[in-house]
Amino acid sequence: MPEKSAGVNVAGSTGLAVVPSEDRAAIALVYATYPTAAEAERIGAELVGMELAACVNIVPGMRSIYRWQGAVHRDDEVLGIVKTRATLAARVIGVVRVLHPYVNPAVVVLPVVGGSADFLGWIAAETAAAC
């Protein structure tokens, strides 16, 4: 997102919004892990291109320790955080599952209960066409 202009007065205004869960524009984050940054970027670009996500944060440098098929594994992974509408989360999961190289990718929806009203509005506006 662009940086704030110098001289913007935010004193006395929190800009905080609480998002009712029944709101059609309610926002959710979709958490997913990937084997590489390239995979996360490829899938993230697809989600943003389809207007299912306003933004996808890609966070490298994660180490995962997990049990899979009876054995404990340790792998380097990349975290992807998808900013979307709650009503689009199922579609986001579907796209991630189809494009993801893992057989059983870690994909979970985290509801957003509040935040910057302007930022939440931006997410809603950027994903409106997919609704």
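Welcome to the tour: start by selecting residues 55-68, strand β3, together with strand β4; 12 bridges join the two, and they run antiparallel. Keep in mind as you go that this is a predicted model.

For one pair along this ladder, pick valine 59 and look across to β4, where its bridge partner is leucine 79. Then follow β3 to its end. β3 and β4 form a hairpin with two residues between them. Click on glutamine 69 in that turn and check the backbone: phi is positive there, at about 50°.

Next, keep β4 (residues 71-85) on screen and add strand β2, residues 27-34. These strands also run antiparallel, with eight bridges joining them. Two pairs are worth labelling here. Isoleucine 27 stands opposite arginine 85 of β4, and tyrosine 31 has isoleucine 81 of β4 as its bridge partner.

Now for the whole sheet. Which order do the strands follow? Read across, they go β3-β4-β2-β5, making an open sheet of four strands with antiparallel pairing. To see its edges, select β3 and β5 (107-111), each of which pairs on one side only. Turn the view to look across the strands: the twist averages 30° from one strand to the next.

Helix α1 is the next stop, so to speak: select residues 37-49 and you will find the helix packed on the sheet, touching β2, β3 and β4. The direction of α1 makes about 130° with that of β3.

Time to look inside. Show side chains for Val30, Tyr34, Leu47, Leu52, Val82, Val92 and Val96, the residues with the most contacts inside the largest nonpolar core, which has 18 residues. Colour by element of secondary structure and you can trace the contributors: β2, α1, β4 and α2 (89-99) each supply at least two residues of this core. Which of them gives the most? That is α2, with four residues.

Zoom in on valine 30 and list its neighbours. Leaving aside residues up to four places away in sequence, valine 30 touches Gly80, Ile81, Val82 and Thr84, then Ala89, Val92 and Ile93, and also Val107, Val108 and Val109.

For the last stop, move to another core, which lies apart from the largest one and has six residues. Select Ala54, Leu120, Ile123 and Ala124, which are among them.

Note on methods:
Residues are numbered from 1 along each chain as its sequence is written. This is a predicted model: local features need pLDDT of at least 70, side-chain atom pairs count only at pLDDT 80 or more; totals for chains, interfaces and linings use all residues. Side-chain values use heavy atoms; hydrogens and water are left out. Two strands pair if DSSP finds at least two bridges between them. Axes are lines fitted to C-alpha atoms, for helices over the stretch in contact, and angles run from 0 to 180 degrees between N-to-C directions. Contact means heavy atoms within 4.5 Å. A nonpolar core is a set of buried Ala, Val, Leu, Ile, Met, Phe, Trp, Tyr and Cys residues joined through side-chain atoms within 4.5 Å. Buried means under 20% relative accessible area, exposed over 50%, partly exposed in between (1.4 Å probe, protein chains only).
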